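Morning, everyone. I'll put the structure up now, and then we'll go through some strands and some empty space.

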Amino acid sequence: MQQRSSQFLTVGSTRIHAVCEGEGPLVILVHGFPESWYSWRHQLSALAEAGYRAVAIDLRGYGRSSKFLDSEYYLIKSVVEDIVGVVRALGASSAVVVGHDWGAMIAWTAAWLHPEIFRGVVGLAIPFSGRGLIALPGSPFGERSPEDIHKELAGPDQQFYQDYFGSLAPAIREFEEDSGGWIRDVLWAFSGESMKAAGLSGLLDLPQVDIIRASALSIPFGARMRDKMHAPADLPVWLRTDDLEFYTQEFERSGMIGPFSYYRSIQKSWEQLASHDGTQLRPPAMFIGGECDVTTGWGLEAIDRVGEFVPNYVGSHILSGCGHWIQQERPEEVNELVLRFMRELV
């Protein structure tokens, strides 16, 4: 096994914590919410042993990277510039970028805006969604304003989870009431095991708006998100007690203002990307989704139409029975797919 190291990179005025393993062509791994570099623990060694320099970062606002109070610091172009800066700080001229959840939104956008730097991109859980960042039913590529589509999806007397998170105070209060329990419930609620237990193993064939309104993704005004999430006593086999403790300790130290601020910035990020609307993403690209992943369900139209915007698309892979936490639920399959993608890059 190759030696794993931790370092801090200076990217403009931002400190980025990076965990690195291996030598060779550079691969940047970008995590989602509520996660950290640690969500790529199974991929770091696999990439390193295959001859790549794998680097998993903490996004700004997370873990040991810089924290900012102003939500303007979490606009998509600022975060993308962090990823560009990481490549340069590591002394490289190019990289492949792999992202999950929010990391997928950032990875897709980085490759979209900077094809001269990112020679390939892999998105997990969320397909390429253009200026919308995250494909939603009725707005696969950001055709509609997030402010408008969110209200429609949540339905009357409810708030879409992205707006709930973006309001900061209620979501932060809910987290601080029981940080470990909150993390546990979120990781359970969107896992493949949870969806199958709820009878949603055929999630991709169901009406997606109905799922949004009935689930923890829509919060009645005055209620908590956690009121609709109830994890069992036993953890899923892919989530050990040590893993849960790591995430809990990370967020107890760093707080949730940064992570929730990404959601607070979605509308302005959509506006920021207006000039790029309809332009193509040029680098080779691949998507990995889960059969029991809600965000894969929302993105079905974007997946079907991806060829309109990504001319060098090499395929979509939907993992049977897998939920939202794809690289943790199915590490071997993800490693195999990512390595195959890497080998086939010109």
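I'll take the strands, then the cavities.

Two notes on the source. This is a predicted model, where local features need pLDDT of at least 70, side-chain atom pairs count only at pLDDT 80 or more, and totals for chains, interfaces and linings use all residues. Residues are numbered from 1 along each chain as its sequence is written, and side-chain values use heavy atoms, with hydrogens and water left out.

Start at strand E1, residues 4-11. Helices (H or I, at least four residues) and strands (E, at least two) are DSSP runs, numbered from the N terminus. E1 pairs antiparallel with strand E2, residues 14-21, over eight bridges; pairing requires at least two DSSP bridges between the strands. Ser6 has Val19 in E2 as its bridge partner. The two strands form a hairpin, with two residues between them. In that turn, Gly12 has a positive phi of about 60°.

Next, strand E3, residues 26-30. How many of its five residues are buried? Five of five, where buried means under 20% relative accessible area with a 1.4 Å probe, protein chains only. In a regular strand, side chains alternate between the two faces of the sheet. On one side of E3 sit Leu26, Ile28 and Val30, on the other Val27 and Leu29, and both faces are covered.

E3 has parallel partners. With strand E4, residues 53-57, it shares five bridges; Leu29 pairs with Ala56 there. With strand E5, residues 95-100, E3 shares four bridges; here Val27 pairs with Val96. E3, helix H1 (residues 41-49) and E4 make a right-handed β-α-β unit: with the strands pointing away from the viewer, the path from the first strand over the helix to the second runs clockwise.

Now the cavities. A cavity is a set of points on a 1 Å grid, over the protein atoms alone, where a 1.4 Å probe fits but cannot get out; lining residues have an atom within 4 Å of a point. Volume is the space filled by probe spheres set on the points, which are joined across faces, edges and corners. The whole structure has four cavities of 30 Å³ or more.

The largest holds about 170 Å³. Its lining has 17 residues, with Asp101, Tyr161, Phe190, Leu217 and His324 nearest the centre. Helix H13 gives the most to that lining, three residues.

The second largest cavity is about 60 Å³. Its lining residues include Gly132, Arg144 and Trp270. Which helix gives the most to this lining? H4, with three residues.

Technical notes: On a 1 Å grid over the protein atoms alone, a cavity is a set of points where a 1.4 Å probe fits but cannot get out, and a pocket is an open set with protein on both sides within 12 Å along at least five of seven lines; lining residues have an atom within 4 Å of a point. Buried means under 20% relative accessible area, exposed over 50%, partly exposed in between (1.4 Å probe, protein chains only).
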